[in-house]
Amino acid sequence: QVQLVESGGGLVQTGDSLGLSCAASGRTFSRNVLGWFRQAPGKKRELVIGATWWGNTIANIDGSKGRFSLSRDNSKNTVNLEMTRLNPGDTAVYYCVATVECGSTLIPSQEADYAYWGQGTQVTVSS
């Protein structure tokens, strides 16, 4: 059974930093695109940042560029999200995701392109 399990969410204050981790099991994702989506209350899920299998990353949300970074360890089947200078607009449930396709050079931005999803972890930023 393939699983993506996130950890590290919580309640922080504006300006704080927070790291999220995702551990995959059941198969290797060393050749798949990995990423993080988020869903704020009343909004659709959106891709925050994604990475190709060799580590090329793209931040999809303008507000996250320069504040959010992704790192992946293909040997450990893990992917991390580091978030800095958090603000209340970052409050959301954050999901770790992975594609089915291997070896892609593109990072898709649509939910339907990601077959594997974690259960989500809540990040709340207080003002």
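In the predicted model, strand S4 (residues 32-39) pairs with S5 in the antiparallel sense, and five bridges link the two. Within this pairing, Leu34 has Ala51 of S5 as its bridge partner. The hairpin made by S4 and S5 has six residues between the strands, and Gly42 adopts a positive phi near 75° there.

Strand S5, which spans residues 46-51, is mostly covered, with five of its six residues buried. S5 also pairs with strand S6 (residues 57-59), again in the antiparallel sense, over three bridges. In this pairing, Ile49 is placed opposite Ala59 of S6. Five residues lie between S5 and S6 in the hairpin that they form, and a positive phi of about 100° is found at Gly55 in the turn.

An open sheet is formed by four strands with antiparallel pairing, in the order S1-S3-S8-S7. The edges are occupied by strand S1 (3-7) and strand S7 (68-73); each has a single partner strand, so one side of each is left without a neighbour in the sheet. On average, and with direction ignored, neighbouring strands of this sheet are turned by 15° against each other. The edge strand S1 runs antiparallel to strand S3 (residues 18-25), to which five bridges join it. Across this pairing, Glu6 stands opposite Cys22 of S3.

Technical notes: Residues numbered from 1 in each chain as written. Predicted model: local features only at pLDDT ≥ 70, side-chain atom pairs only at ≥ 80, totals over all residues. Heavy atoms only, no water. Buried < 20%, exposed > 50% of the residue type's maximum accessible area, 1.4 Å probe, protein only. Pairing = 2+ DSSP bridges. Axes fitted to C-alpha atoms, helices over the stretch in contact; angles between N-to-C directions.
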